[in-house]
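Trainee: I should like to learn how to read the features of a structure that I have not met before. May we go through them in turn?

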Amino acid sequence: MLLLAMIAFYSNALGQESLLLDELRQNFQEIGSEDDIEQIIGMSIDPKDPEAPTAKAYQAASTCMMAEYVFSPIKKLRYFNQGKTSLEQLIAEEKSVENVYLRLLIQLNIPRLLNYYKNIDGDIAYLEAELPAAKIDVDYKYTMIRNLVTLADKNELKEVLLGIKVTGTEKKL
């Protein structure tokens, strides 16, 4: 009986963890205001959760994005640097498809004068190698590629991004 209760609890906990990450992904895609970012940053993440590094990466990327919603150049730089540092630490601890995707998204979205573009080629290569086998919903994989292509400023970069396979089979964006 105790074993069944433990299995039920663990299964429920895993389902909730997945729901947290799904909610973070959805909220991240719908950021349109400072309040949206604060909601993501304020979400509670259990450090024992196996998906915590990915969830924290969404919070770090959101912190970078907060720079768009503040007026002061000092605050802009502070938010950007805080989020960038957190994201880099997470990638150093556990490199994953979504962490790298988020870093690439930020690198493609910020001005080059911030000098945060040196990982673009490596991040694209990593996504080319790892995205097809990543345990991420295929629709979200296509969302990731669309987001990156939208931000790419050069046609050759767009072509490379569009060439990334998300599964073993091709699908048109």
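Trainee: Where does N115 lie?

Mentor: N115 lies in the loop between helix 5 and helix 6, the latter spanning residues 120–130. Please bear in mind that the model is a predicted one. The phi angle of N115 is near 60°, which is a positive value in a residue other than glycine.

Trainee: Is N115 buried, exposed or partly exposed, and why?

Mentor: The class follows from the relative accessible area, where buried means under 20% and exposed means over 50%. N115 has a relative accessibility of 41%, and therefore counts as partly exposed.

Trainee: How many helices and strands does the protein chain have?

Mentor: The secondary structure of the protein chain comes to eight helices and zero strands. Read from the N terminus, the order of the elements is α-α-α-α-α-α-α-α. Of the 173 residues in the protein chain, 40% are buried.

Trainee: How should one think about the side chains along a helix, and which residues of helix 5 are buried?

Mentor: The general idea is that an α-helix has 3.6 residues a turn, so residues three or four places apart point the same way. In the present case, helix 5 is mostly covered, with 12 of its 13 residues buried. These are V97, E98, N99, V100, Y101, L102, R103, L104, L105, I106, Q107 and L108. From its first C-alpha to its last, helix 5 reaches 18 Å, close to the 18 Å expected at 1.5 Å a residue.

Trainee: Which residues of helix 7 are buried?

Mentor: In helix 7 the buried residues are Y140, K141, Y142, T143, M144, I145, L148 and V149. Helix 7 has 14 residues, and its reach of 20 Å between the first and last C-alpha is close to the 20 Å expected at 1.5 Å a residue. The N-terminal end of helix 7 is capped by D137, a side-chain oxygen of which lies 3.1 Å from the backbone nitrogen of D139.

Trainee: What separates the C-alpha atoms of E98 and K141?

Mentor: Their C-alpha atoms are separated by 9.4 Å, although E98 and K141 are 43 residues apart along the chain. E98 has its place in helix 5, and it counts as buried because its relative accessibility is 5%. A second case is L161 in helix 8, which covers residues 155–162. L161 is buried, with a relative accessible area of 0%. The C-alpha atoms of L161 and A125 are separated by 9.6 Å, and these two residues are 36 residues apart along the chain.

Trainee: With which side chain does the side chain of R25 make a polar contact?

Mentor: The partner is the side chain of D22, at 3.3 Å. R25 is found in helix 1, and it is buried, with a relative accessible area of 11%.

Trainee: How are aromatic pairs read, and how many does a search of the whole structure find?

Mentor: A pair of aromatic rings is described by the distance of the centres and the angle of the planes. The search of the whole structure finds two aromatic pairs. In one of them, the ring centres of F28 and Y58 are 5.2 Å apart and the planes stand at 75°, so the pair is edge-to-face. This pair links distant parts of the chain, since F28 is in helix 1 and Y58 in helix 3, 30 residues apart. Both F28 and Y58 are buried.

Trainee: What is the arrangement of the rings of F80 and Y116?

Mentor: The centres of the rings of F80 and Y116 are 5.8 Å apart and their planes are at 80°, so this pair is edge-to-face. Because F80 lies in helix 4 and Y116 in the loop between helix 5 and helix 6, the pair ties together parts that are 36 residues apart in sequence. Both F80 and Y116 are buried.

Trainee: How is empty space found, and what is the volume of the largest pocket?

Mentor: Rolling a probe the size of a water molecule over the atoms shows where empty space is left. Here the largest pocket has a volume of about 450 Å³. Its lining consists of 19 residues, and C64, M65, E68, N109 and I110 lie nearest the centre. Two or more lining residues come from each of helix 1 (2–29), helix 3 (52–65), helix 4 (73–93), helix 5 (97–109) and helix 7 (138–151).

Trainee: Which helix gives the most to this lining, and how is the lining divided by class?

Mentor: Helix 5 gives the most to the lining of the largest pocket, with four residues. By class, the lining has 14 nonpolar, three polar and two charged residues.

Key: Residues are numbered from 1 along each chain as its sequence is written. This is a predicted model: local features need pLDDT of at least 70, side-chain atom pairs count only at pLDDT 80 or more; totals for chains, interfaces and linings use all residues. Side-chain values use heavy atoms; hydrogens and water are left out. On a 1 Å grid over the protein atoms alone, a cavity is a set of points where a 1.4 Å probe fits but cannot get out, and a pocket is an open set with protein on both sides within 12 Å along at least five of seven lines; lining residues have an atom within 4 Å of a point. Grid points are joined across faces, edges and corners, and a volume is the space filled by probe spheres set on the points. Ala, Val, Leu, Ile, Met, Phe, Trp, Tyr, Cys and Pro count as nonpolar, Asp, Glu, Lys and Arg as charged, and the others, Gly among them, as polar. The expected span of a helix is 1.5 Å times one less than its number of residues. Buried means under 20% relative accessible area, exposed over 50%, partly exposed in between (1.4 Å probe, protein chains only). A polar contact is a pair of N or O atoms within 3.5 Å; within protein, one must be able to donate a hydrogen and the other to accept it, and residues adjacent in sequence count only if both atoms are side-chain atoms. Rings of Phe, Tyr and Trp (its six-membered ring) pair if their centres lie within 6.5 Å; planes under 30 degrees apart count as stacked, over 60 as edge-to-face and the rest as tilted.
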